[in-house]
Amino acid sequence: MQFNLLLLAVLGLAVTPAMAEPPHGGFGRPATPAEIAVADIDVRADGAGAPPGRGSVAEGEALYASTCAACHGDKGQKPMSPALRLTGGRGTLTTPSAVLTVGSYWPYATTLFDYIRRAMPFQAPQSLSADQVYALTAYVLRLNDIVPDGTVLDADTLPKVRMPNRDGFVRNPDG
Amino acid sequence: MPNNAVGLSRRGLFQQAGVAVTVASTAAQANEADIPPWTLEQGQPVTDVPYGTPSGFEKSVMRRTRETPLFPTAASMLTPLQDLDGIITPNGLHYIRNHAGTPTIDPDRHRLLVHGLVDRPLSFGMDDLMRFPSVSRIHFLECSGNSGQYKTGQYKADATVQHTHGLLSCAEWTGVRLSDVLAEAGLKPGAAWILAEGADAAALTRSIPVAKALDDAILAYSQNGERLRPEQGYPLRLFLPGFEGNANVKWLRRLKVGDQPFQTRWETSKYTSLMPDGVARQFNFTMEVKSVITRPSPGRGLRHPGFCEVTGLAWSGHGRIMRVEVSTDGGGSWQDAALDGPILPKCLTRFRLPWSWTGGPASFQSRATDETGEVQPTRERLLASRGPNYYYHYNAIQTWAMAPGGEVKLAV
């Protein structure tokens, strides 16, 4: 570093904080806006990262039947396994056999959107459009009686959905 | 010892039956006065084995699953702790917990993106990352669900330590200090959490505190001296010493720096712990002090009264193991076990206790204490404090019950 600064000084170049070299001399290359855009798919609890697009409960219902019901059950009923259960369980968190679902446990609706967008459907992840993910999110929330019929979700309305167990978490000191 | 005993009894049988034992008979039938056949001829050509595998006589030493999974790509495989010595897990036996199978990633096409609250968003190829100074550290890795099924009493009667504790492995991990990579990008003021994302079909994401990233986190590309195995994240994984397995994101493709946690599925609906009051603990990262006896253990019982080495493993995500006590009478009395050195932080520690078996029943337990003074709890104490819905981070004292004949079974 010292040598480099000296070299720059010898060459008569101005050294400003903005030009300060990274500690290891520039490993890697600047990330391009295009590669950030294609990789940056997360949606945070405050809605940061939610993409343009929109989807309704009705659109989600049709898509769910063709894309999700085989594993998660028709209208969320009778899933292939308890781990795939999306609905029910409200009021069970203080019982000896808590049932953890989107409706009973998940604190943020954005998490549902983010997870469908990145990992579902299981056999074809990241194949859905933003509109489709908004629609499926709306439908699964409808199945849990969290939003009414006619709901349309988008980047503005998604983070405003209040989940029943929103205040059900405490952060461990690790976090 | 057991092999000799079997050989002697077989020879006795043959002699009683008047069977002539000749050089031509199989190895199992060979007279002990004969020179074994492998001494009388050249072995396998040395140059036939470019990458070695275990002896064909060790085929029973393998990873196993607890039960047939509903989806074969969302499943786990457990390390056969009962068959291993020392503290290092061979790479082919390291436990696996994948949520979308094991991807096949071309390292020349794999890149790590670092962006968000940084001065310089950067993209690294594997060759870029290998230019950084490297570090090698021996650490355990434990799935947060290890031993979790035991709590719910779902193990089969013939469960072994592989089934109860096999989501645990230990390796020497080599890679780049994450703090070096972050310094290259430059953290902006307010940077507090980092989203780590995998390149598999689950695109698994966890939020990691910046404090941990700057402390001892590694971007690992090697495991026990060779490149990561595909199922361990080839070509790049996050390694967070002492943190629960799932936070050590495999096939790492992206680090996004933010000012708050991202609240991903894996840190909200999964890997959180519901307490009796209905409130769940979140970001419960550090694996607590724990130990288990690996021999004697179910399927690894005793045959001969007399000397027996009771041995096992102890570990803590909070630091070094300071003490392991062993009981052979179900916790009635305890003896300090010897600890194999060097005792490393956030690493498996092998313990041993010489013991003499009189031939009667026994009830084996081990109890570890780490350098923070934390003592491994009893099952009763742990369940009383956590309630019926707490699944992850089960670290209670394990009991193995031995019958008078020497057979050992899991005991609740």
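How many aromatic pairs are there over all chains? The count comes to 15. The model you have open is a predicted one, and this tour goes from ring pairs to the interface and then to a single histidine.

**Stop 1: a ring pair in chain A**

Select A:Phe113 and A:Tyr134. Their rings form one of the aromatic pairs, with 4.5 Å from centre to centre and 40° between the planes, so the pair counts as tilted, being neither under 30 degrees nor over 60. Now show the helices of chain A. A:Phe113 sits in helix α5 (residues 109-119) and A:Tyr134 in helix α6 (residues 130-143); the two residues are 21 residues apart, and their pair links distant parts of the chain. Are these two residues buried or exposed? Both A:Phe113 and A:Tyr134 are buried.

**Stop 2: a ring cluster with members from both chains**

Next select A:Tyr115 together with B:Trp266, B:Tyr271, B:Tyr391 and B:Tyr392. Ring pairs join these residues into a cluster. Keep B:Trp266 in view and add B:Arg265, which lies over the face of the B:Trp266 ring at 4.5 Å from its centre. For another arginine placed over a ring, pick A:Arg44: the face below it belongs to B:Phe262, and the distance to the ring centre is 5.8 Å.

**Stop 3: the interface of chain B and chain A**

Colour the two chains separately. On the chain B side 59 residues are in contact with 50 residues of chain A. About 4400 Å² is buried between the two chains, and carbon and sulfur atoms give 57% of that area.

How many salt bridges are there between chain B and chain A? The count is six. To look at a salt bridge, select A:Asp42 and B:Lys256, whose side chains meet at 3.0 Å, N to O. Polar contacts across this interface come to 24 residue pairs, both residues at pLDDT 80 or more.

Several elements of chain B give two or more residues to the side that touches chain A, among them β3 (111-116), α5 (178-185), β7 (193-198) and β12 (252-258). Strand β12 of chain B gives the most, with four residues.

**Stop 4: a histidine in chain B**

Finally, go to strand β5 (residues 134-142) of chain B and select B:His139. Why does B:His139 count as buried? Its relative accessible area is 7%, and buried means under 20%. Leaving aside neighbours within four places in sequence, the residues in contact with B:His139 include B:Ser169, B:Cys170, B:Trp173, B:Phe239, B:Pro345 and B:Cys347.

How values were computed: Residues are numbered from 1 along each chain as its sequence is written. Chains are lettered from A and ligands numbered from 1 in the order in which they are written. This is a predicted model: local features need pLDDT of at least 70, side-chain atom pairs count only at pLDDT 80 or more; totals for chains, interfaces and linings use all residues. Side-chain values use heavy atoms; hydrogens and water are left out. Rings of Phe, Tyr and Trp (its six-membered ring) pair if their centres lie within 6.5 Å; planes under 30 degrees apart count as stacked, over 60 as edge-to-face and the rest as tilted. Buried means under 20% relative accessible area, exposed over 50%, partly exposed in between (1.4 Å probe, protein chains only). A charge sits over a ring if NZ of Lys or CZ of Arg is within 6 Å of the ring centre and within 35 degrees of the ring normal. Contact means heavy atoms within 4.5 Å. Buried area is the accessible area (1.4 Å probe) that two parts lose on being put together, summed over both. A salt bridge is a side-chain nitrogen of Lys or Arg within 4 Å of a carboxyl oxygen of Asp or Glu. A polar contact is a pair of N or O atoms within 3.5 Å; within protein, one must be able to donate a hydrogen and the other to accept it, and residues adjacent in sequence count only if both atoms are side-chain atoms.
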